[in-house]
Amino acid sequence: MIRFTFKGILRDKSRSLFPFLIVTVGVALMVGLLGFMDGIFMGMLDMSAKLDTGHLRFVNKPFYKEEHLVPLDRALADQEETGEWLEANSDPRIEWTPRIRWGALMDVPDEEGNTVSQTPVTGMAVQLLNPASSERERLDLKASVREGRVPENPHEMLVGYQLAESLGLKPGSMVTLLGQTFDGGLATDNYTVTGLIQFGVTAMDKKMALFDLADAQHTFYMDNMVTDWLGFLPASVPYDEYADIKQAIEEKLPDLRQNPPKQWAKDDFPIALTILDQRNIEEIARKFELIRGVIVLIFTFLMVLVLWNAGLLNGIHRYGEMGLRLAMGETHKHLVASLTLEAFAVGVLGSIAGCVVGGLVVFYLQEVGVDMGDAMAKSGLMINDIARGRVTVEGFVRGIVPGMTASVAGSLFASLAIFKRSEANLFRELEVG
């Protein structure tokens with residue numbers, strides 16, 4: 001029966017070509033759209049994690065509450081002991097790395113030391129000069145530097161290329177940072193700009209500077225202190241598992257608070273956060289899931305509606321065939337089952353073709369991307385200027401299931417009309433033909 005059905009589909013294109021094209025187009029659109037949406041959202045998560053929040057974040061609660069003021073006096077001390085505790089008491093898949101968030105006034109002097117231009121900047125200090133750290137690879141610094149090079153020596157920094165343009169900086173320029181030390185004093189230090197970097201986020205390219213963690217600890221008098229511990233998980237870990245991983249850390253935090261490292265302040269109160277707990281990302285994730293679900297429902301409904309009508313039209317032209325098959329002894333149920341099998345086969349073939357077409361589009365978007373820098377510049381979201389798609393198994397499944405469901409549902413609804421017509425009427429259609 002299955003062999004007979006496939007032969008009928010291949011030989012009689014008038015009854016299979018249109019449903020095949022509808023399923024192909026519907027699945028291709030769904031796979032392409034969902035792949036692009038997944039790429040945008042996951043790109044935002046990846047960018048936010050690498051440059052700001054980490055997939056998990058371990059931070060002092062007083063610092064987190066006032067982080068917009070960058071209160072360095074609320075940083076966590078005992079860097080080595082804190083890092084060892086995190087490694088021993090968290091998911092082994094997490095890679096923890098220390099960072100310092102800082103804010104200062106950047107002053108650009110001329111050859112005589114007089115101020116030419118200055119502006120407030122925010123920055124991040126990471127382990128650039130530590131050969132054991134993977135921060136360079138994580139931030140993709142070599143590929144992101146537009147001009148100059150990555151720092152190789154102490155007191156060298158990278159600045160956003162748009163910030164450099166506004167201040168007239170070039171590789172080799174000297175700048176002075178004026179800020180506040182850990183104990184409330186005035187911090188001043190000179191740095192050499194070695195490279196202009198494009199972070200891929202317009203807001204950061206305009207106001208961000210980056211240098212080594214040890215330099216920040218020296219400049220701001222923060223010996224053995226960091227403001228943040230960021231944890232990074234493999235891409236294979238879905239973001240809905242982050243909350244469980246955080247909970248496992250929180251269960252062990254009371255013991256750490258009761259027996260803290262010696263250099264911690266008495267009122268230090270470390271907390272664990274996921275990326276969803278920060279920057280209102282959880283709300284964005286919920287809206288994303290809702291929109292994605294609505295899109296799947298709309299496309300499924302439209303495909304069912306079109307294929308239902310296609311099935312009705314196809315059934316009208318085949319009433320004579322159905323009457324003949326019923327007259328030869330085939331039951332109504334068996335006839336409906338064969339039509340359903342035929343629709344299922346068309347759905348499978350159309351879904352495969354749609355996945356190929358949609359997958360190629362998403363793959364192109366993933367590898368090449370679309371430049372949306374101007375559109376995203378004022379969004380307030382940490383989204384890469386180059387919007388990319390993402391090829392995932394889940395995306396193909398979300399496209400295949402509606403395509404096959406719509407094809408079968410449309411055929412079932414259309415074939416129900418067979419039960420309302422007698423064999424004689426159906427057979428008469430053959431005589432008319």
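**Helix 4**

I started with the surroundings of helix 4: its buried residues are covered by parts that include strand 1, strand 2, helix 9 (213-219), strand 9 (228-232), helix 10 and helix 11. I kept in mind that this is a predicted model.

Which residues of helix 4 are buried? I listed Gln79, Thr82, Gly83, Trp85, Leu86 and Asn89. I then looked down the axis. These residues cover an arc of only 160 degrees, which puts them on the same side of helix 4. On the other side I found Glu80 and Ala88, both exposed. I noted the general background: an α-helix has 3.6 residues a turn, so residues three or four places apart point the same way.

**Helix 10**

Next I took helix 10, residues 242-250. Its buried residues are Tyr242, Ile245, Lys246 and Ile249. I noted that a lysine, Lys246, is on that buried list. Seen down the axis, the buried residues fall within an arc of 100 degrees, so they line one face of helix 10.

What do they pack against? I found strand 1 (56-60), helix 4 (79-89), strand 2, helix 11 (253-258) and strand 10 (270-274). Helix 4 is thus among the partners of helix 10, and helix 10 is in turn among the elements that cover helix 4.

**Strands 2, 6 and 7**

I moved on to the strands. Strand 2 (residues 95-109) and strand 6 (residues 174-180) run antiparallel and are joined by 3 bridges. I picked out one position there: Leu105 stands opposite Leu178 of strand 6.

How many bridges join strand 6 to strand 7? I counted 7, and these strands also run antiparallel. Strand 7 spans residues 186-197. Thr192 in strand 7 is the bridge partner of Met174.

Strand 6 and strand 7 form a hairpin with 5 residues between the strands. I checked the backbone there. Gly184 takes a positive phi near 95 degrees.

**Aromatic rings**

I searched the whole structure for aromatic pairs and got 6. In the pair of Phe41 and Phe288, the ring centres are 4.5 Å apart and the planes are at 10 degrees, so I logged the pair as stacked. Phe41 lies in helix 2 (residues 13-53) and Phe288 in helix 12, so the pair ties together parts that are 247 residues apart in sequence. Both Phe41 and Phe288 are buried.

Tyr191 and Phe211 form another stacked pair, at 4.6 Å centre to centre with 25 degrees between the planes. Tyr191 sits in strand 7 and Phe211 in strand 8 (residues 208-212), so this pair links parts that are 20 residues apart in sequence. Are these rings' residues buried or exposed? Tyr191 counts as buried, at 0% relative accessibility. Phe211 counts as buried too, at 0%.

I followed the ring pairs outward. They link Trp102, Tyr191, Phe211 and Phe220 into a cluster.

**Charges over rings**

I then looked for charges over ring faces. Arg138 lies over the face of Phe232, at 4.0 Å from the ring centre. Arg257 lies over the face of Phe269, and I read 4.0 Å from the ring centre there as well.

**Single residues in helices 12, 14 and 16**

I closed with three lookups.

Ser351 is in helix 14, residues 332-367. Its relative accessible area is 2%; the cut-off for buried is under 20%, so Ser351 is buried. Which residues does Ser351 touch, leaving out those up to four places away in sequence? I found Val23, Val27, Ile400, Gly403 and Met404.

Phe301 belongs to helix 12, residues 281-317. I got a relative accessible area of 55%, and Phe301 is exposed. Phe301 and Ala406 are 105 residues apart in sequence, yet their C-alpha atoms are 7.5 Å apart in space.

Leu412 is in helix 16, residues 393-415. Leu412 is partly exposed, with a relative accessible area of 35%. It touches Val336 and Thr340, not counting residues up to four places away in sequence. I also recorded Leu412 and Leu339: 73 residues apart in sequence, 7.9 Å from C-alpha to C-alpha.

How values were computed: Residues numbered from 1 in each chain as written. Predicted model: local features only at pLDDT ≥ 70, side-chain atom pairs only at ≥ 80, totals over all residues. Heavy atoms only, no water. Helix = DSSP H or I, 4+ residues; strand = E, 2+ residues; numbered from the N terminus. Buried < 20%, exposed > 50% of the residue type's maximum accessible area, 1.4 Å probe, protein only. Contact = heavy atoms within 4.5 Å. Pairing = 2+ DSSP bridges. Phe/Tyr/Trp six-rings, centres within 6.5 Å; stacked < 30°, edge-to-face > 60°. Lys NZ or Arg CZ within 6 Å of the ring centre and 35° of its normal. Arc of directions from axis to C-beta.
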